[in-house]
Structure formats: structure tokens, C-alpha cells
Amino acid sequence: MGSTEPKVISGPAGYVLEDVPHLSDYIPNLPTYPNPLQVNPAYSVVKQYFVHVDDTVPQKVVVHKDSPRGVHFRRAGPRQKVYFESDEVQAAIVTCGGLCPGLNTVIRELVCGLHHMYGVTRVLGIEGGYRGFYARNTITLTPSSVNNIHKRGGTTLGTSRGGHDTNKIVDSIQDRGINQVYIIGGDGTQRGASAIFEEVRRRGLKCSVVGIPKTIDNDIPIIDKSFGFDTAVEEAQRAINAAHVEAESVENGIGVVKLMGRYSGFIAMYATLASRDVDCCLIPESPFYLEGPGGLYEYIEKRLKENGHMVIVIAEGAGQELLSESSDKQDASGNKLLQDVGLWISQSIKDHFAREKTLAITLKYIDPTYMIRAVPSNASDNVYCTLLAQSAVHGAMAGYTGYTSGLVNGRQTYIPFYRITERQNNVVITDRMWARLLSSTNQPSFMNTKDANEDNKEENSLDQLADGHCSEDTSVDEISHIFPAISC
Ligand SMILES: Nc1ncnc2c1ncn2[C@@H]1O[C@H](COP(=O)(O)OP(=O)(O)O)[C@@H](O)[C@H]1O
Ligand SMILES: O=P(O)(O)OC[C@H]1O[C@](O)(COP(=O)(O)O)[C@@H](O)[C@@H]1O
Ligand SMILES: [Mg+2]
């Protein structure tokens, strides 16, 4: 049996549903049961609590008069029928990859959602990421054991990179009788979840495999934003404020702040837009250069002469091609290990002004990268984590599998794994949001018009292939949901 064929259903006027797999696709004659929420006092008073079986959510909400209806995803939420009896469920939860604010909230809400909504009492925690399935004992998770964990950063289950051995993991799932697996993690983790789903299906196991997208870098496509992102942007403000205070307190002061963002500069971009104290934001998607007209040094000199101080925010993946020592080293998951671009740029700026003797500068470098991801999630991320976790549980109970639970245009949906893992979410520098940033900082674009047109062509053709729409629509739409206050 090869990998699962995408379930794509077409309808009138260009309607397309990119559906998710269901246990009944490969296990015939599965019994169904009435959803216990029908008699749950908290939900039974709510009209239309159950999601209609045909409810779907459009990927794009900005359309033209003659646009096809386009791609849709299955709407998340409770169904009238479920495919598991409460006492039959043996759920397991695992967290993988780097930390992100909100991991503990998601764990808590999965445990409490299973327990309070569906009467599921058997929930196991897998410790230390994927390898915990086969290298560690499990721990029992109950509503009381997870009651306060959302107040702490990190993950109470522990996490790791590497160690994904599909067969050993599925052996462990099978041996322990696990029939719902909730896998919280980023792009690498979702690829791993997809491999687990394929193997579970190949073995014909009645086991729902569910991904919950975690990425502080906001680099997962399709979804409006990842949980913890707002918290990270908020926490980054503290570092930027410190850099600003240091810079404005001395003559020709420069504050440099390095933020996370391996390939996607979203945290740096939104932290810059939120702060208003940043004079230059450098991200991996926008190549820059140091010397000569239009370069960074020229801009720094101009800004210091105008204003006496400046703040530079740099994402960790920016400008890697400029660093002389490029390395092929990888972490245990196969992610490229990056050079410290913050240290490099700070030293380069100091060396430049010492050499040129045009200005006597004072530069302070602040590296808060791990601080912004180790904090507990803020109030809005906590609510988001709750909705994500509950949606994940409803889907598994309804027999869906092989999906990531995610927010699309403000609605909870189930997205097939292949759409989550096929590409990365990046800042599109030819879109309006990057233009807003450039006009807010007044920094050079480091780009000539020819480059911009070339990039625009590439992005548009990429997006048209993937989504049937142009990139402008994508960004406007996504952005208004990420930060509703910043509208077009
Ligand atoms: N292509 C892949 N197939 C299977 N497992 C993968 C794949 N890529 C990464 N993983 C596993 O997913 C886990 C997390 O991946 P990593 O890239 O470190 O973090 P993230 O999920 O946050 O991107 C690791 O245990 C890694 O082994
Ligand atoms: O030091 P670690 O744990 O490898 O983490 C560093 C990386 O983690 C990240 O926060 C993102 O990690 P994930 O892919 O796990 O979400 C990057 O921004 C950063 O490069
Ligand atoms: Mg990743």
C-alpha cells in the first residue's frame, strides 16, 4: 500500500474540498455511537452546537466576482456521531521540536477536553518527544495532574529533536493499545506525524493520528498563525525596549536585537511593527548588504546623524550568506545549524565605524531568543490553545485521522497533513505587509525594482499553483487575522 491518496472532492463553481482521511476509509463496518455531548449539561442547551457534516471553510476569503469558489477545508467541531466509546479510548500526547509558549496549555486542554467532553479517562503522556514512544515509560495524565501547567512555560512532557523511528513508534502505539495520538510540534513534527499515520493505516489500526501545529517562527503554511506567536512578539517588545533605552541614552547609540526565525522572519517583522522604536528589521526573506550606496552602513550613518541613536532587529536566519564561516552542521532533526548573525552584525558594524572613523558609536547587542519562547502563553494564546486542543479532540472522536487541527480565516479546521508539510510559510517581501514595515522604519529595501518584479512573478506563480489565487490576496487575508488591528 503506498501513501494515502489526497481526498479531493469537487463541487459546483470551482468548489474544492481538500478532505482529511477517516478511519472508515480503511476499516470497514466501524460502529458509531451518539456523541456524549448530546447529554452533557454544558452543551445540551446550546443550539447548533454540532457541526454540520457538510460545513467547510474556504482557504481564501478575498475573492473577485468571477473567482472560482476555490479550496476548502473541513470545519472542525463536534459531530452527532462518534467512532469511539469513551471507555475504549486510550489517548497519548507528545510534544516535539523546539519550545513555544502555550505547549502546556494545549496538553492541559487535550486532557481536560477528552475527560470533560467525552468521558475519556485514559490519557498517556509520552515524555521527551518522539523517542519517548520507545525509549521511555509513559506517564498518566489526568485533569488534576495538568490543572496548573498552563501557568508555566515549556512543556511538562519534555521535548527533543531527532529520534523519529516510525516503526518503533507505531509498535509502541500498537503494544500500548493507543487509539488516539495527539502530536504537538512544528513542520518537522508534522512530517513525522504524517509518517506515523501512513504506517498506522498500513497496519489497519483503529487509531486516529492528529497533529497540532506548534511553531514560534510561524513557518507552517495554511493556518492563520501558530499558537504562542502573539506571546513571542509581545515578549520581544521587552528586549526591543531595552535596546532602545540603551541606544538613546548615549551618543550615537545602536541597539541590536536578535530574534528567532530560522527561515521565516515573522517574529522580527511583527515585533518591529508593534514596537515603532525599530529603525531597521532584517529577515531571512529579504537579502541585504552592508557596503556602498543603499547598504546598511550608509543607512546607519544617516540614521545616527538624523536621530542620534537607532535600533536594529535581526532574525537569526537573516544574512547567513554574508557570514564567512558557513557550516553544514545540522541538529538531530536535520535542521541546519545557523551562525550567530547577531554577534556577527554587531562586530561588523563596530569594525566598520572604527575603520572609517566617521562616527564614534556605542553598540549594545541583546540576544533574547530563548527568553521569548520559554515564557508561558499570554491570555489570547491560551484561548487559542484551548480551541485548537478541543477541535483536535472532536475530530479524533469523530473518526477523522491524518490531519492537523488549525485555524483558517478565523475558523477551526482539519487540514490534511500533505498541505501542512508541502511548503513553508514565509514573509512575502513583495506583499503589502513588508511595504508597511519599510514605510514604518524608513529602512532601505535592499532591493531594486527588477528584483522585486522577479520575486513577484515567482511568488504569484507559486501561490497560483498551490492555491489558485495570487499572493496579494493571501497576505492581506492572513494578516488581518494574525493581527486584526492592522487592517488594509
Ligand atoms: N521528515 C521527517 N520525517 C519524520 N520525522 C521527522 C521529519 N522531520 C523531522 N522529524 C522529527 O520531528 C521532530 C521535530 O522536528 P524538528 O524539526 O526538530 O522540530 P519542529 O517539529 O518544531 O520543526 C524530531 O523528533 C524529528 O526527528
Ligand atoms: O536551539 P534549538 O532548540 O535547536 O532551537 C532553535 C530553533 O528553534 C526555533 O525556535 C524553531 O524551532 P522549531 O522548528 O522547533 O519550531 C528556531 O527559531 C530556532 O532556530
Ligand atoms: Mg521546524
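The following legends describe close-up views of two ligand sites and one salt bridge in a predicted model.

The model is predicted, so that local features need pLDDT of at least 70 and side-chain atom pairs count only at pLDDT 80 or more, whereas totals for chains, interfaces and linings use all residues. Residues are numbered from 1 along each chain as its sequence is written, chains are lettered from A and ligands numbered from 1 in the order in which they are written, and side-chain values use heavy atoms, with hydrogens and water left out.

**View 1. Surroundings of ligand 1.** Around ligand 1 there are 16 residues, of which Gly162, Asp187, Thr189, Lys214 and Ser333 come nearest (a residue is near a molecule if one of its heavy atoms lies within 4 Å of it). The shell comprises 1 nonpolar, 11 polar and 4 charged residues; Ala, Val, Leu, Ile, Met, Phe, Trp, Tyr, Cys and Pro count as nonpolar, Asp, Glu, Lys and Arg as charged, and the others, Gly among them, as polar.

**View 2. Polar contacts and burial of ligand 1.** Polar contacts are pairs of N or O atoms within 3.5 Å. Oxygen atoms of ligand 1 lie 2.4 Å from a polar side-chain atom of Thr189, 2.5 Å from one of Asp187 and 2.6 Å from a backbone N or O atom of Gly162. Of the 550 Å² of accessible area that ligand 1 has on its own, the protein covers 82% (Shrake-Rupley method, 1.4 Å probe).

**View 3. Surroundings of ligand 2.** The residues around ligand 2 include Gly97, Gly98, Lys214, Ile216, Met260 and Tyr370. By class, this shell divides into 3 nonpolar, 3 polar and 6 charged residues.

**View 4. Polar contacts and burial of ligand 2.** An oxygen atom of ligand 2 is 2.6 Å from a side-chain N or O atom of Glu316. For Arg161, the corresponding side-chain distance to a ligand 2 oxygen is 3.0 Å, and a backbone N or O atom of Gly98 lies 2.7 Å from an oxygen of ligand 2. Ligand 2 taken alone exposes 480 Å², of which the protein buries 85%.

**View 5. The salt bridge between Asp25 and Lys7.** The side chains of Asp25 and Lys7 form a salt bridge with an N to O distance of 3.0 Å (a side-chain nitrogen of Lys or Arg within 4 Å of a carboxyl oxygen of Asp or Glu). This pair links distant parts of the chain, 18 residues apart: Asp25 belongs to helix α1 (residues 23–26) and Lys7 to strand β1 (residues 7–11). Helices (H or I, at least four residues) and strands (E, at least two) are DSSP runs, numbered from the N terminus. The model has 21 salt bridges by this rule.

Definitions and conventions:
Polar contact = N/O pair within 3.5 Å; in protein donor to acceptor, adjacent residues only side chain to side chain.
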